[in-house]
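Hi,

Here is the structure I promised to pass on. Have a look at it first, and my notes follow underneath.

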Amino acid sequence: MTPWPCVRTWSSGGTDQKFNLLVGRHLQEAYGQESQVVLTMPLLEGTDGVNKMSKSLGNYIGIAEEAGSMFGKVMSISDELMWRYFELLSFRPLADIAALRQAIAEGRNPRDVKFELARELVARFHDVAAADAAQRDFIARVSEKSVPADLPPKVVHVESGGIRLANLLKEGGLAPSTSEANRKIDEGAVRVDGNRITDRAATFQAGGRPRFPAGIEALCAPQARAKVMKNKMN
């Protein structure tokens, strides 16, 4: 087995790999090699603003994600974390970022500045047209509380016992993991027919009707966000 510090010697890493990289320098000396310079990069916090960005934690923004999803995740970060994303991800000069900070201090809406960040990142991995469309969709969904007319339907296969809301969101591509879906449910960020759902045990049966343990039922309207899931029995 090759020790991990040896592997790190042939690679690069974030600041969390500093110890392994420094051990690699000593190993190079032991083998009569000149110690290489250690260069680390800052770690980017995930959308939760606490842990480093990680797919397993569900706090990541994938570079291959759809434009709308990418835009929405950038907009979900806190106003303070936004500056970290600007510094590590934006191609803007630091002087421009400082000017944006000053503009907010003078009264500019932080949301509008975050729009600029989200547009830049989406345009980089998609294109400008996709960034424009993603922003219009975001404003329609969040600011105007409407659902885009061109929202594509998704098919989710449901067992006879139904499917819980968190699993439905994950399978339908509306959340990267069930843990992230449950977090959004707990935060009150999930709505069905405009009604906020905070019950993790909410269950959907084949056909689109959710069942709630408390006996409350709601029929999903065709325009509802959750109704883009067309449930079918296996």
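At what angle do H4 and H5 pack, and how far apart are their axes? Keep in mind that this is a predicted model. The angle is about 160°, and the axes of H4 and H5 lie 10 Å apart. Angles over 145 degrees count as roughly antiparallel, so H4 runs roughly antiparallel to H5. The crossing of H4 past H5 is right-handed. On the H4 side the contact uses Met82, Trp83, Phe86 and Glu87, and on the H5 side Leu94, Ile97, Leu100, Arg101 and Ile104. Sorted by class, that contact of H4 with H5 has 7 nonpolar residues, 2 charged ones and no polar ones.

Now the chain as a whole. It has 234 residues, and 36% of them count as buried. You'll find 9 helices and 9 strands in it. If you take the contacts with a separation of 6 or more, 53% of them are between residues 24 or more positions apart.

Back to H4 for a moment. Its buried residues are Leu81, Met82, Trp83, Tyr85 and Phe86, and the buried residues of H4 pack against H5 and also H6. With H6, the axes come within 11 Å and cross at roughly 35°. H4 passes H6 in a left-handed crossing. From H4, the residues making this contact are Asp79, Met82, Trp83, Tyr85, Phe86 and Leu89, and from H6 they are Pro110, Val113, Lys114, Leu117, Leu121 and Arg124. The contact of H4 with H6 splits into 9 nonpolar and 3 charged residues, with no polar ones.

H6 also packs with H3. Here the angle is about 145° and the axes of H3 and H6 are 9 Å apart. H3 and H6 make a right-handed crossing. H3 brings Ala67, Met70, Phe71, Val74 and Met75, which meet Arg111, Lys114, Phe115, Leu117, Ala118, Arg119, Leu121, Val122 and Phe125 of H6. By class, the H3 contact with H6 holds 11 nonpolar and 3 charged residues, and again no polar ones.

Next, the core. Which residues of the largest nonpolar core touch the most other members? Out of 25 residues in that core, they are Phe71, Met82, Trp83, Tyr85, Phe86 and Leu117. The elements giving two or more residues to this core are H3 (67-76), H4 (79-89), H5 (94-105), H6 (110-125) and H7 (128-143). H6 gives the largest share, with 6 residues. Apart from this core there is another one, of 15 residues, and Val156, Ala181, Ile185 and Phe204 are among them. If you want one residue to click on in the largest core, try Leu117: leaving out residues up to four places away in sequence, Leu117 touches Val74, Ile77, Met82, Tyr85 and Phe86.

Two residues around H3 also caught my eye. The first is Lys73, which sits in helix H3. Is Lys73 buried or exposed? Its relative accessible area is 14%, and buried means under 20%, so Lys73 counts as buried. Not counting neighbours within four places in sequence, Lys73 is in contact with Thr47, Tyr60, Ile61, Glu65 and Pro176.

The second is Ile61, one of those contacts of Lys73. Ile61 lies in the loop between strand S2 (40-41) and H3. With a relative accessible area of 17%, Ile61 is buried too. Leaving aside residues up to four places away in sequence, Ile61 touches Thr47, Met53, Met70, Lys73, Val74 and Tyr85. Ile61 and Pro176 are 115 residues apart in sequence, yet their C-alpha atoms are 9.5 Å apart in space.

One last residue, over in helix H5: Ala103. Its relative accessibility is 22%, so Ala103 counts as partly exposed. From the C-alpha of Ala103 to that of Val113 the separation is 9.1 Å, and the two residues are 10 apart along the chain.

That's what I have for now. Happy to go through any of it together.

Cheers

Note on methods. Residues are numbered from 1 along each chain as its sequence is written. This is a predicted model: local features need pLDDT of at least 70, side-chain atom pairs count only at pLDDT 80 or more; totals for chains, interfaces and linings use all residues. Side-chain values use heavy atoms; hydrogens and water are left out. A nonpolar core is a set of buried Ala, Val, Leu, Ile, Met, Phe, Trp, Tyr and Cys residues joined through side-chain atoms within 4.5 Å. Buried means under 20% relative accessible area, exposed over 50%, partly exposed in between (1.4 Å probe, protein chains only). Helices (H or I, at least four residues) and strands (E, at least two) are DSSP runs, numbered from the N terminus. Contact means heavy atoms within 4.5 Å. Axes are lines fitted to C-alpha atoms, for helices over the stretch in contact, and angles run from 0 to 180 degrees between N-to-C directions. Angles under 35 degrees count as roughly parallel, over 145 as roughly antiparallel, 65 to 115 as roughly perpendicular and the rest as oblique. A crossing is left-handed if the near helix is turned anticlockwise from the far one by less than a right angle, and right-handed if clockwise. Ala, Val, Leu, Ile, Met, Phe, Trp, Tyr, Cys and Pro count as nonpolar, Asp, Glu, Lys and Arg as charged, and the others, Gly among them, as polar.
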